[in-house]
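Subject: Structure handover

Hello,

The structure is below, with the sequence. My notes on it follow.

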Amino acid sequence: MRAADTAAIAAGLRIGMPATKAQALVKDLIVNDADPQGDAEALDRLALWALRRYAPIVAPDPPDGLVVDTTGADHLHGGESAMLTDMVKRLAAAGFAARAAIADSWGAAHALARFVAGPVIVVPPAGNANAIMRLPIAALRLPADMVDSLRKLGLDRILDLVAKPRAPLALRFGPELGRRLDQAMGRLSEPIDPIRPPDITEVRRMFGEPIGAAETIARYTGKLVGELCDVLETRSLGARRLDLLLHRVDNRIETIRIGTALPLRDTKRLTRLLTDKIETIDPGFGIELMRLAATIAEPLVARQTISSLIETPEADVSDLIDTLSNRVGEERLYRMAPMASDVPERSVRRVAPTAPESGEGWPRHWPRPARLLPVPEPIETVALLPDHPPVTFIWRGIRRRVKRADGPERIFGEWWRRDAELIAVRDYFQVEDEAGERYWIYRAGDGEDLTTGSHRWFLHGIFG
Amino acid sequence: MSAPAPPAVISDLRERIQRLEGSIARRRTVLPFGIREIDRVLPGGGLAVGSLHEVAGGGNGAIDGAAAALFAAGIAARTRGKVLWCVTKPDLFAPAIAQAGLPPDRVIYVEAGDEKSILACFEEGLRHPGLGAVVAEVARLSMTASRRLQLAAETSGSIGIAIRRWRRQTEAVDFGQPTASVTRWRVSVLPSTPLPVPGIGRARWQLELIRCRGAESADFEVEGCDDEGRLALPSNVVYRSSQKEIGRRRTSA
């Protein structure tokens, strides 16, 4: 038996058991033939998916893992733990139960993902050694028979192994044990050989003498982009995502990844996007190979521009969008679009800045505040129920006397969303205090029936 | 509408100074407010295009910046092209901006993490020639930073508006520090236009032009932006007595 799902494990089956024994233990067991070839191919497909979505350096870690170098890639997904959660969720949606870990070294991340993560764990920088000390030796990626013989010697955990002198262990088990231990601790580098899709558009340049100066890197980046654009043009493609891989002489790979909002084949703009990020890479002792690949490329065909004499074309801002989204992250750049909802916080949604213009807007007849508080803040009021605005209210410790008011604007809950909103009501008032400051406040409930809301008052927005 | 024509000597001197500044190649264009009283005060008869302007709220507006945001939206609405709006805190409510004349299709928001990256985004936007206006909500604006922004705006010719917005009231004294911006405004809310019936009329602002390069400071009482981003002067002709107190209203109701 090579693999089992959670139900099978719960029924008492173990990996490594003969299939006949398993069938004897559980009635009507569903047995499928192992397909290592198919598994490896599926893992490659997953690796390509992760490459397109998350980071430029991804490799399959057979039999059941992926390894991703997330250096400089996590901020585009909202930080390390947000990225892991997103990854696990997306895999779950595709039918994979996944666990994920981020650590300083491949070895530690491998161990933590398999033995600790539930389902995600992020080890702070330099926290490697502490995090893996208590794990079993099997977490070290050693051959099974070596793990068995170590256990027979009474060595169960990594911490037992670290305490022992290295020389006798190396004599008994060979250099593999020390190497794996050092790799997990991050004392020994372990380069990741990134997977490349077969149909990728890639150009490369070898250097006889390693280069290191930022200007030199920028110059050769420009040359590579030129070559890549030529190749893309023959295929009538435009790049949506570019990865620049800089192989250092000490076998590490530094990467720069950029994304564009629309398919792009403009040498100048792509070079600018890439060279903007040169300061983030560390050339170490020098770079001997540069590879530039269009990880995501989409069809880009020539288009006719407006030739009419009177029509002035709308200025193109997609280059600005690219520059900014590579700097602050794609999801931090957006446009607001209307949603058909009366509930204020649901009436707006974010769309991509390059989304087609809908020309839609919100209804104009009700005034809306310039600032909407993220969470409505409770206020204390003196008000006459059911349909009068408050006479005074206290917000953030300051009592304000209401001079003028307008309302109520009644907003009903959206019963099709949640049962709790079936009869929920909010009554919004616009109030103005003596200084002329205008606020948007509401009462939960219609003021008569307590089932429609708690009758408490909240401040939701500030008018200009 | 236009300012009284200066004597030939003065205009000649101005031209020579501009040549020294190296900005003679650009034709100075302005964006008029369309209100005679305000445009008369501003040099050239309107808000200078291709330069940096500062707007802050008065009183509590220094923290929430609600009126200042609407004032900026009204200016941006009257330009052509897309508008880039850089924020640190996403509490701007898009329907209100649309009501000030700036439809949602025209505004691209950038949510920058900190003050430093917001200034970088602001500058990047100002350097781009295709935008109508670039608005950024910043707390600190040093002389160096504002000079960079001003130069960036001069190269592209779009209007840069820095909405100064602080965390605390005490930090608002920062607004006294000199910057390289061309104009500096303070927008404070006033009691709204009185209506003959109970309710709240059009918003009114105290608009103070605190500093303006090449002109005197001034202040105005205006009515807030309409749905095309235009301000208005309150007319005193239809001035009526204000609405009755809320508390007393119920006896008549």
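Some terms come before the findings. Angles under 35 degrees count as roughly parallel, over 145 as roughly antiparallel, 65 to 115 as roughly perpendicular, and the rest as oblique. The angles run from 0 to 180 degrees between N-to-C directions, and axes are lines fitted to C-alpha atoms, for helices over the stretch in contact. Helices (H or I, at least four residues) and strands (E, at least two) are DSSP runs, numbered from the N terminus.

This is a predicted model, in which local features need pLDDT of at least 70 and side-chain atom pairs count only at pLDDT 80 or more, while totals for chains, interfaces and linings use all residues. Residues are numbered from 1 along each chain as its sequence is written, and chains are lettered from A and ligands numbered from 1 in the order in which they are written.

Domains of chain A

The domain assignment, which is automatic or from a database, splits chain A into domain 1 (1–34), domain 2 (37–185), domain 3 (201–299) and domain 4 (371–462). Between the C-alpha centres of domain 3 and domain 4 of chain A the distance is 56 Å.

Helix packing in chain A

Helix α9 (residues 166–173) of chain A packs against helix α10 (residues 175–185) of chain A at about 125°, with the axes 6 Å apart. α9(A) and α10(A) are therefore oblique to each other. On the α9(A) side the contact uses A:R166, A:L169, A:A170 and A:F173, and on the α10(A) side A:P175, A:E176, A:L177 and A:G178. Contact here requires C-beta atoms, placed from the backbone, to lie within 7 Å. By class, these residues of the contact of α9(A) with α10(A) are 5 nonpolar, 1 polar and 2 charged. In this scheme Ala, Val, Leu, Ile, Met, Phe, Trp, Tyr, Cys and Pro are nonpolar, Asp, Glu, Lys and Arg are charged, and the others, Gly among them, are polar.

α10(A) also packs with helix α5 (residues 106–115) of chain A, at about 85° and with axes 5 Å apart. α5(A) and α10(A) are therefore roughly perpendicular to each other. Here A:W106, A:G107, A:A108 and A:A111 of α5(A) meet A:R180, A:Q183 and A:A184 of α10(A). That contact has 4 nonpolar, 2 polar and 1 charged residues.

Helix α11 (residues 214–234) of chain A and helix α12 (residues 267–275) of chain A form another pair, at about 140° and with axes 9 Å apart. α11(A) is therefore oblique to α12(A). Their crossing is right-handed, meaning that the near helix is turned clockwise from the far one by less than a right angle. A:A218, A:T221, A:G222, A:V225, A:G226 and A:C229 in α11(A) meet A:T267, A:L270, A:T271, A:L274 and A:T275 in α12(A). The contact of α11(A) with α12(A) has 5 nonpolar, 6 polar and no charged residues.

In the loop between α11 and β6 (237–248) of chain A sits A:S236. A:S236 is not a glycine, yet its phi is positive, at about 45°.

The barrel in chain A

Strands β11-β12-β13-β14-β15-β16 of chain A make a closed barrel of 6 strands with antiparallel pairing. Pairing of two strands requires at least two bridges found by DSSP. On average, neighbouring strands of the barrel are turned by 45° against each other, direction ignored. β12 (residues 390–395) and β13 (residues 398–412) of chain A run antiparallel, joined by 4 bridges. Opposite A:F393 in β13(A) is A:R400. β13 of chain A also holds A:P408, which is joined to A:G407 by a cis peptide bond with omega about -5°.

Between the chains

In the interface, 49 residues of chain B are in contact with 50 residues of chain A. The chain B side consists of 26 nonpolar, 14 polar and 9 charged residues.

An open sheet of 10 strands has mixed pairing and the order β10(A)-β9(A)-β5(B)-β4(B)-β6(B)-β7(B)-β3(B)-β8(B)-β9(B)-β10(B). Its edge strands are β10 (348–351) of chain A and β10 (218–223) of chain B. Strand β9 (residues 333–338) of chain A pairs with β5(B) in the antiparallel sense over 2 bridges, and A:Y334 stands opposite B:Y109. Within chain B, β8(B) and strand β9 (residues 204–212) run antiparallel with 8 bridges, and B:W185 has B:L209 as its bridge partner.

Regards

Notes:
Two residues are in contact if their C-beta atoms, placed from the backbone, lie within 7 Å.
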